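Student: Could you take me on a close look at one part of this model, the surroundings of the second ligand? I would like to see what builds that site and how it fits into the rest of the picture.

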Amino acid sequence: MNGRREEEVGLLVVGGGPAGLVAAELAARHGLTVLLVDERATFGGQIYRQPGPGFVVRDPRRVGRDYWAGVALVEAARGAGVELRARTAVLSLRGTTAVCLTEGDEHVTLLRARRVLVAPGASDRPVPFPGWTLPGVVTAGGAQALVKASRVAPGTRVAFAGSGPLALAFPAQLRHLGVNVVLALEAGPAPRAPTVARLVVAGWGNAALLRDALTYRARLLGARVPLRYGRIVVRAEGEDRVEAVVHAAADADWRAIPDSEERLEVDTLCVGYGFVPSTELLRLAGCQFGYDENLGGLVVEVDAWQRTNVEGVLAAGDGTGVRGALVAMAQARLAALGAAADLGAVSRARAARLARPVRRQLAAKERFRRALLPLYAVGPGIYELATPETVVCRCEEVTLARLEEAMEATVDTDALKSYTRAGMGLCQGRSCQPQIGAVLARRTGAASEAGSLLDGANEARRPVPRLSGGQLAALAGTTPRPPVRPAAIGVLADDTVPDRGLFVGG
Amino acid sequence: MDERASAESGTCVDAAREPGAGVLLPRRSDLSGEVPTDTDVVIVGGGLAGCALAYFLATQGVELAVLERAELNREASGTNAGSFHFQIAIHQLTGAGADADRDRLLADVRLLVRAAAMWRDLERELRADLGVHVTGGLMVAETPEQLQILVTKQRIERDGGLDTEVLTGAELRNFAPYLAEDLAGASYCATEGYANPLLAAPAFAARAFEAGAAVRTYAPVERIEQLQDAGAARFAVHHARGKVRAHRVVNAAGAWAHELARGNGFELPLRAEGLHMNVTEPRDRLLVPLIQHIGRRLTLKQSSNGTFIVGGGWPARAEPWPARPSVRWSSVAGNAAVARRVVPALADVRVIHTWAGVWAASKDLLPVVGESARVPGYFTCVVPTGFTLGPLMASLLAGQMTGTSATLPSEYSPDRAPTLARGGARQGGPS
Ligand SMILES: Cc1cc2nc3c(=O)[nH]c(=O)nc-3n(C[C@H](O)[C@H](O)[C@H](O)COP(=O)(O)OP(=O)(O)OC[C@H]3O[C@@H](n4cnc5c(N)ncnc54)[C@H](O)[C@@H]3O)c2cc1C
Ligand SMILES: Cc1cc2nc3c(=O)[nH]c(=O)nc-3n(C[C@H](O)[C@H](O)[C@H](O)COP(=O)(O)OP(=O)(O)OC[C@H]3O[C@@H](n4cnc5c(N)ncnc54)[C@H](O)[C@@H]3O)c2cc1C
């Protein structure tokens, strides 16, 4: 009966966000055959996400700058000859061979590529606090996707709690689209004069970013949305859905200061404490990782051409550490040039020359990012909000108390997973692992290098520390396994695989 | 038929989900204690074999230490499917269930019947929730030839004291409407089922600890030195945390047992193999019994939380320890194909995770349990279908070591030549 389709391609790009689109276009312009796949229905990624099919743009001015930027990137890639395949998830990656599944297909496709660029982006940093699983508590990314893809407002009285250079973008965008945002909380401190001065210096060449940040702030202020710095969400209250948010003043480590709680009635709480890179494909491929909480935690190691330690596998964008779209696109250019040079499509010298301005641009962005760190460095308190009754693993409904009880038996993440089932559900640990990693790190104390990695994340100038296999396991959770997305038995099934018969066990 | 269908509605709670439901785990502070420097028995390996043996010895008053190189129960015993395979593996031993194997198969049946009885009682004995579910089990046949083997098998099982029956046609369809209609038939064994492999070995370890056993983790054994003239201690077991002198040692190192044995100059009839497993999203109850295939690589069940656990012996790529074997895509695809062939309704059920573990297979698929004549005092306890048979074989070995029960038969001897079964075991093992 059915087998599988096999295809060959020069460069396979996984992810159709800014990084993937830009890399695909540039590589195609240098003569590579490029296939770009994205599991979503439309291209553009988190920031430039296009509305779903059937959505007709009636008033081009309302949809915003990002929409048009996305259109341009998609058109440019297509114009360069890139084959774009939507609704296609990469389920497995080994070397430069990927198993892909296109929605609606009856079987998977085996793609043999000469180079693979993994540009999978990031997802919201999961932050468990009492009430985080109540309906009406949404992630910033989720709310943004909802609004961008289907133009649906998440609620009628929306509070936002979060942090980070892009955090204010969410409430500002929501407000702009007509959503009633009643409160915006930023965990970091209000910008003070010295920091602002530093930003202006570092911001040289980052005018667009600064302008965006200021615009967001101005929009919120203009719309009279209370903007409170140095405050963190403590819990969400409500019976069947969120009815109120309780927040408190946060110290420099983002720990709630006693007696500073306030309560506000809302019907939606939007939470955005930054992003974590999507690492499952890169981990599956066996790439080397480092750790930096401010880049989202696990970050893959890449060389000057965005090559990982695995032959033929490159990485770019938020998936390599969350730094935003501009950096993602610059990294993507380096990756495309690197792959083209490796495959002989351009000479090394020419690639180096073309890369020079990109590297300058990246250096400027990195200076800017580091200048921003005092404002937005992630405090360890973010993983101390859960109480014993808080469900940490939502899929399997495992509470913090239950996890801590099991930690009396083991501090090995795989064993912990076995004893509690935390991380075994549909999301495969994506939403509980950062919290579990942090609790484990705290428990095993100063002795644990993983722990010191979490605590030391504030040192702005230190290079990203490299992880040993054990640390990677502690922080990333358990062994990565295919398929990295759920896939039906009927589509996975391949009757042409020989079955050599039997033996005992299993 | 009706009794069978209602025997287990699948509503039992999975112990691992239920806080305080009797899950019994050893404490980290205990496991990291000092390793004794002198003892009677040192058991190398903290899987099900090592932990169960420690329990049976310690409760009979034997002084002992278990040395595990990493966490307890993290290798085969904690990665397996947890199925009780009580129907004999006749098809794996011969091409056609030949009479030549009858004696051996009868002996297998008798052992399996005892294992069934032990599992039935184990939660009570250990006073712990092990997630034991007696669901019954079906072994399906696709072709008339395979069906004929099931018929032969059923007779041997009957003669050995195991109740099974062969179902075909409408009877099978009524009993198991979820099976593909064109299957030739199936044998059914009401005592089959499964337990939670994540809970069994830790529970044994916790009770062994209570009985005085020094169960220790992160104590990898580097070598076992044979002492010439040192009174009662015949061995010095060198491990990463020091040295322990022992009168007897037990190699319960699973897939690494043969490597450990080589250090003392002998070959065990074992090889290590990576095995593949899949787990799906949860669904409403579709089926109750365990299902396996007599001619192809498939075992599957719907666990108490609704997920389907699918395996059956598909290979995984071996990696050097401590890395786990890595998953081969061809195993995902092949295993899915057999599962869909046998239970067509699985076609739209999504696999959410796969994993792989490594087990020790003996070439004749018999346990490798007993004392080596070549190195007196050196015992081995490695059991291929080791979840089903591990606790039983450990208790039999404990009986032999304490002199309370008979010496194990020579068929299980670690000294036996590493050859195939009399009837010629099919080389079905994955590589
Ligand atoms: C019976 C069984 C059911 C499983 N169900 C799920 C599930 O629903 N969702 C999921 O994501 N993963 C499940 N797993 C997979 C497994 O728990 C993880 O893969 C493992 O904890 C670590 O991941 P890994 O990729 O390293 O796997 P490996 O380390 O290769 O696999 C090892 C792990 O399998 C685990 N395991 C053994 N028995 C069970 C069990 N009864 N339940 C859960 N885990 C077990 C053990 O923790 C073992 O260490 C199941 C495994 C088994 C054996
Ligand atoms: C995927 C899979 C599915 C299976 N399904 C089933 C099933 O459904 N039913 C069934 O009956 N059987 C099944 N089996 C077989 C069963 O799991 C094994 O036979 C059984 O668990 C073996 O137990 P063990 O204690 O001998 O080995 P293990 O559990 O592997 O334990 C050996 C231990 O020794 C330790 N060790 C090794 N070397 C050293 C050293 N030098 N020093 C210290 N410690 C050391 C290891 O770390 C390990 O913990 C399956 C096996 C696998 C892999």
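Tutor: Happy to. Residues from chains A and B surround ligand 2, so the site is shared between chains. Please keep in mind that this is a predicted model.

Let's begin with the shell itself. It holds 36 residues around ligand 2, and those that come nearest are B:E68, B:R69, B:S77, B:P384 and B:T388. By class, 18 residues of this shell are nonpolar, 15 are polar and three are charged.

Now for the polar atoms. An oxygen atom of ligand 2 lies 2.7 Å from a polar backbone atom of B:P384. B:V383 has a backbone N or O atom 3.0 Å from an oxygen atom of the ligand, and for B:T385 a backbone N or O atom lies 3.4 Å from an oxygen atom of ligand 2. On its own, ligand 2 has 1,000 Å² of accessible area, and the protein covers 97% of it.

Which elements of chain B supply at least two residues each to this shell? They are α3 (48-58), α4 (76-79), β13 (270-280), β18 (350-362) and α12 (386-402). The domains put this in context: the assignment for chain B gives domain 1 (2-78 + 198-269 + 364-412) and domain 2 (132-195 + 272-360). Both domains of chain B give residues to the shell, so ligand 2 lies between them. Taken over C-alpha atoms, the centres of domain 1 and domain 2 of chain B are separated by 28 Å.

Helix α3 of chain B is worth following away from the ligand, as it leads to a ring pair. The count over all chains comes to eleven aromatic pairs. In one of them, the ring centres of B:F56 and B:F204 are 5.8 Å apart with the planes at 55°, so this pair is tilted. B:F56 sits in helix α3 and B:F204 in helix α9 (residues 197-210) of chain B, so the pair links distant parts of the chain, 148 residues apart. B:F56 and B:F204 are both buried. Another aromatic pair, B:F84 with B:F86, is stacked, at 5.6 Å centre to centre and 20° between the planes. B:F84 is buried at a relative accessible area of 2%, and B:F86 is buried as well, at 1%. Ring pairs also join B:F84, B:F86, B:W119 and B:F387 into a cluster.

Ligand 1 makes a useful companion to your site. Residues from chains A and B surround ligand 1, so this site is shared between chains too. Its shell has 22 residues, the closest being A:M424, A:T479, B:R74, B:G78 and B:R324. A backbone N or O atom of A:M424 lies 2.3 Å from a nitrogen atom of ligand 1. From chain B, a polar side-chain atom of B:N196 is 3.3 Å from a nitrogen atom of the ligand, and a backbone N or O atom of B:A356 is 2.9 Å from an oxygen atom of ligand 1. The protein covers 97% of the 730 Å² of accessible area that ligand 1 has on its own. Two or more residues each come from α12 (413-420) of chain A and from α4, α9 and β18 of chain B. The shell around ligand 1 divides into seven nonpolar, nine polar and six charged residues.

Notes: Residues numbered from 1 in each chain as written. Chains lettered and ligands numbered in written order. Predicted model: local features only at pLDDT ≥ 70, side-chain atom pairs only at ≥ 80, totals over all residues. Heavy atoms only, no water. Near = heavy atom within 4 Å. Polar contact = N/O pair within 3.5 Å; in protein donor to acceptor, adjacent residues only side chain to side chain. Areas by Shrake-Rupley, 256 points an atom, 1.4 Å probe, with all protein chains shown as cover. Helix = DSSP H or I, 4+ residues; strand = E, 2+ residues; numbered from the N terminus. Nonpolar A, V, L, I, M, F, W, Y, C, P; charged D, E, K, R; others polar. Domains from an automatic or database assignment. Phe/Tyr/Trp six-rings, centres within 6.5 Å; stacked < 30°, edge-to-face > 60°. Buried < 20%, exposed > 50% of the residue type's maximum accessible area, 1.4 Å probe, protein only.
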